[in-house]
Amino acid sequence: MRVVTWNLWWRFGPWAERQKAILAVLRELRPDVVGLQEVWCTDDGGDLATWLAGELGLHCAFAPSGAPERWQRRIADDTVGIGNAVLSRWPVTERAALRLPAPGDVDDGRLALYARLDAPGHPVPFFTAHLNSGGGASAVRRDQAAALVDFVAAHRHGTAFPPVVTGDFNARPESPEVRLLRAGRLHDAWDHADPAAPAATWDAANPYIPNPPVPGARIDYVHVGPAAAGGLGAVRAVRLAGDHPVDGVWPSDHAAVVADLDDGRAVNAPGRPGW
C-alpha cells in the first residue's frame, strides 16, 4: 500500500501553476492513499482535494477548517478556506474531524482528519493532521500531538491493520511533540529509509521558503502503529517526492513523504491496483 503525505501550501505563490505540478507528481506516484494539509476550498463549493481526486480516479474526504480567518488575511481573500483531506483508492466508510487545541491568540483552525478506508482484506484507519507552526509554538504542538494520539486511539479499533498517521507536524523528529507520537505506539516510518537518502521536507533549495533552515528540516511524517501478524502494516520503503520543480514550477513549499506498507498481498498479485 503506497501512502503519501503532503502539505500543499494552500493558495500561496503561483497556486494555479502549482496545482498542475501537484497533480503531475501524484499521478506519477500512483498512491493508494494520500493525506493532504493546507488544501484550499472556495465559497462556490470547489476544493483542490476533490479536483485532484477526480483527476486521479480516487475517493475523497475533506474537512474544512472552522476558523480560516487568519489564513484569509494573509492573501486578502475571505472567499477561500483551508482544510485537510484524504484521497483514497478505496471507499471511505467512516470519517471524523478533530479541531486541534490552541490558545485563542494563535488558533488558526488546525485539524486532524480520520478516514476509515475499505481496503481489501482489512479496513485501514487513516489520519492526517496539521499542527501549529512557529519556533515558539512547541507547547501548543505538544497539546495538539496529545489530542491527536487520543483521537487515533478512539478510531483505531475493529481492524488488524495498524493506524496510519500522516501530516505536517512543524517539528523535527527529536522534538517533544513528535516524541509524544512514539509514546503513543506510533512509529516514524522514516526510521526504515536509506540513511543516505535526502530527508528534509522543508529545504533551503525550495525558493518558496523564507529564511529556510540550513541544511533543512524534516517536519512532515508518516507514522504507523505496530505491525500486525504476518507483518501487516510494516514499512517496506520510504522516500521523498515533490522535492524538485515540475516543468520549472515547484509544486509546494514542502516535499511529500512516500511510504510503502505491507498490506498483506503479494506485490505482484494479478490485478493489484496502484502498482
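This passage describes the sheets, the helix packing and selected local features of a predicted model.

The strands E3, E4, E2, E1, E12 and E11 form, in that order, an open sheet of 6 strands with mixed pairing. Strand E3 (59–64) and strand E11 (235–241) stand at the edges of this sheet, and because each has a single partner strand, one side of each is left without a neighbour in the sheet. From one strand to the next, the twist averages 25°. At the E3 edge, 6 bridges join E3 to strand E4 (residues 80–88), the two strands running antiparallel; within this pairing, Ser88 of E4 is the bridge partner of His59.

Helix H1 (residues 15–29) packs on this sheet, where it touches strand E1 (2–7), strand E2 (33–42), E11 and strand E12 (256–261), and the direction of H1 makes about 165° with that of E1. The loop between E1 and H1 contains Trp10, a residue other than glycine whose phi is nonetheless positive, with a value near 40°.

Two packed helices are described by the angle between their axes and the distance between the axes. For H1 and helix H2 (residues 48–56), the axes come within 11 Å and cross at roughly 45°; this angle lies neither under 35 degrees, nor over 145, nor in the range 65 to 115, and H1 and H2 are therefore oblique to each other. Their crossing is right-handed. On the H1 side the contact comprises Gln19, Ile22, Leu23, Leu26 and Arg27, which meet Leu48, Trp51, Leu52, Glu55 and Leu56 in H2. By class, the residues of the contact of H1 with H2 divide into 7 nonpolar, 1 polar and 2 charged.

A further open sheet of 6 strands, also with mixed pairing, has the order E5-E6-E7-E8-E10-E9. Its edge strands are strand E5 (92–99) and E9, each of which pairs on one side only. Strands E7 and E8 (residues 164–168) run parallel and are joined by 5 bridges, with Ala129 standing opposite Gly167 in E8. In the loop between strand E9 (187–188) and strand E10 (220–224) lies Pro215, which is joined to Val214 by a cis peptide bond with an omega of about 10°.

Helix packing was also examined for H4 and helix H5 (residues 176–183), which pack at an angle of about 15° with their axes 8 Å apart. As this angle is under 35 degrees, H4 and H5 are therefore roughly parallel to each other, and H4 passes H5 in a right-handed crossing. In this contact, Ser138, Arg141, Arg142, Ala145, Ala146, Leu148 and Val149 in H4 meet Pro176, Glu177, Leu180 and Leu181 in H5. The contact of H4 with H5 has 7 nonpolar, 1 polar and 3 charged residues.

Across the whole structure, a search finds 9 aromatic pairs. One of these is formed by Phe127 and Phe151, whose ring centres are 5.9 Å apart and whose planes make an angle of 75°, an edge-to-face arrangement. Because Phe127 lies in strand E7 (residues 124–130) and Phe151 in helix H4 (residues 138–155), the pair ties together parts that are 24 residues apart in sequence.

Conventions. Residues are numbered from 1 along each chain as its sequence is written. This is a predicted model: local features need pLDDT of at least 70, side-chain atom pairs count only at pLDDT 80 or more; totals for chains, interfaces and linings use all residues. Side-chain values use heavy atoms; hydrogens and water are left out. Two strands pair if DSSP finds at least two bridges between them. Helices (H or I, at least four residues) and strands (E, at least two) are DSSP runs, numbered from the N terminus. Axes are lines fitted to C-alpha atoms, for helices over the stretch in contact, and angles run from 0 to 180 degrees between N-to-C directions. Contact means heavy atoms within 4.5 Å. A crossing is left-handed if the near helix is turned anticlockwise from the far one by less than a right angle, and right-handed if clockwise. Ala, Val, Leu, Ile, Met, Phe, Trp, Tyr, Cys and Pro count as nonpolar, Asp, Glu, Lys and Arg as charged, and the others, Gly among them, as polar. Rings of Phe, Tyr and Trp (its six-membered ring) pair if their centres lie within 6.5 Å; planes under 30 degrees apart count as stacked, over 60 as edge-to-face and the rest as tilted.
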